[in-house]
There are 2 protein chains.
Amino acid sequence: MDGWVTQLRKGLLEFCILNLLRRGESYGYEIVRKLQPAEVLAVSESTVYPILSRLKQDGCLKVRDLPSPGGPPRRYFALTASGRARLAEMNAYWGELTAELDRLRKGEK
Amino acid sequence: MDGWVTQLRKGLLEFCILNLLRRGESYGYEIVRKLQPAEVLAVSESTVYPILSRLKQDGCLKVRDLPSPGGPPRRYFALTASGRARLAEMNAYWGELTAELDRLRKGEK
DNA sequence: CCCTGTACTATGGTTTGCGTAATACGCAAT
DNA sequence: ATTGCGTATTACGCAAACCATAGTACAGGG
């Protein structure tokens with residue numbers, strides 16, 4: 001069960017982070033905190049930071065550094081136009097996927 | 001988008017196969033066919049067979065071989081008690097996960 | 001001076017899906 | 001008779017994502 005959860009999260013976390021950033025820019029450490037209370041989605045920094053780097057690399061996010069009140073400067077990430085388009089595609093696919101899975105779980109036909 | 005779909009499927013396919021077998025035994029080739037029309041879940045044999053092997057290895061499935069009307073003998077897989085328990089846990093976790101994700105996607109608080 | 005909380009970076013392992021290819025059986029058509 | 005197609009399984013190897021672990025760095029309180 002434990003390993004399965006890890007596998008299930010592949011791709012999903014990227015999806016979560018994009019959805020989180022839809023509301024406005026944020027930085028890695030804060031994103032970890034925002035996902036913490038969810039429990040089923042709780043992750044560590046070593047998971048979030050690589051995802052942010054990849055999304056920026058892919059042109060889905062843009063970055064700007066601002067000083068922090070305590071600690072290294074914060075790297076704020078925000079969605080680009082390309083990122084918003086990507087998120088829209090993902091949301092559409094996710095909708096189909098969950099619909100299909102619900103059909104599988106309840107005893108369809 | 002394409003690579004993302006591959007990542008999203010990790011763990012999910014195992015979940016789908018267990019749900020499929022809940023209705024009764026089946027064999028690899030047939031499972032591939034049953035998932036085919038779903039589109040969002042369509043996979044090839046090279047994906048399904050390793051999953052079945054692993055599930056059997058983990059004690060979630062039991063196997064019996066029966067002759068095929070054309071081709072090598074079919075390996076029929078069926079859920080064990082342990083498999084049913086595992087599936088129940090997965091279904092519970094999946095419920096929490098989709099609920100949390102829906103909350104993230106709609107602009108909750 | 002040490003410890004806690006904040007914030008980011010780097011490395012390596014484990015697992016999974018999937019492309020590719022090989023094997024094997026039966027039946028129909030050329 | 002041989003070719004091809006649908007059925008059915010097995011084996012090898014790659015790429016990507018999550019995550020544990022560890023390390024760096026700054027500010028403020030005891």
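Start by selecting DNA strand D and α4 of chain A: this helix gives 6 residues to the surface near the strand, the largest share from any element. Keep in mind that you are looking at a predicted model.

Now widen the selection around DNA strand D. You should find 32 residues surrounding it, with A:L13, A:S46, B:Y27, B:G28 and B:G71 the closest. Both chains take part: α2 (12-21) and α4 of chain A each supply at least two residues, and so do α1, α3 (28-35), α4 and β3 (74-79) of chain B. Colour this surface by residue type and it splits into 9 nonpolar, 14 polar and 9 charged residues.

Next, move to DNA strand C. Which residues come nearest to this strand? They are A:Y27, A:G28, A:Y29, A:G71 and B:S46, out of 31 residues around DNA strand C. Here the largest share, 5 residues, comes from α4(B). Other elements that supply at least two residues include α3 (28-35) and β3 (74-79) of chain A, and α2 of chain B. By type, the surface near DNA strand C has 10 nonpolar, 14 polar and 7 charged residues.

For the last stop, hide the DNA and look at where the two protein chains meet. Here 27 residues of chain B are in contact with 27 residues of chain A. On the chain B side, select α1 (2-9), α2 (12-21) and α5 (81-105), the elements that give two or more residues. Which of them gives the largest share? That is α5(B), with 10 residues. Colour the chain B side by type to see 14 nonpolar, 6 polar and 7 charged residues.

Methods
Residues are numbered from 1 along each chain as its sequence is written. Chains are lettered from A and ligands numbered from 1 in the order in which they are written. This is a predicted model: local features need pLDDT of at least 70, side-chain atom pairs count only at pLDDT 80 or more; totals for chains, interfaces and linings use all residues. Two residues are in contact if their C-beta atoms, placed from the backbone, lie within 7 Å. Helices (H or I, at least four residues) and strands (E, at least two) are DSSP runs, numbered from the N terminus. Ala, Val, Leu, Ile, Met, Phe, Trp, Tyr, Cys and Pro count as nonpolar, Asp, Glu, Lys and Arg as charged, and the others, Gly among them, as polar. A residue is near a molecule or strand if its C-beta atom, placed from the backbone, lies within 6 Å of it.
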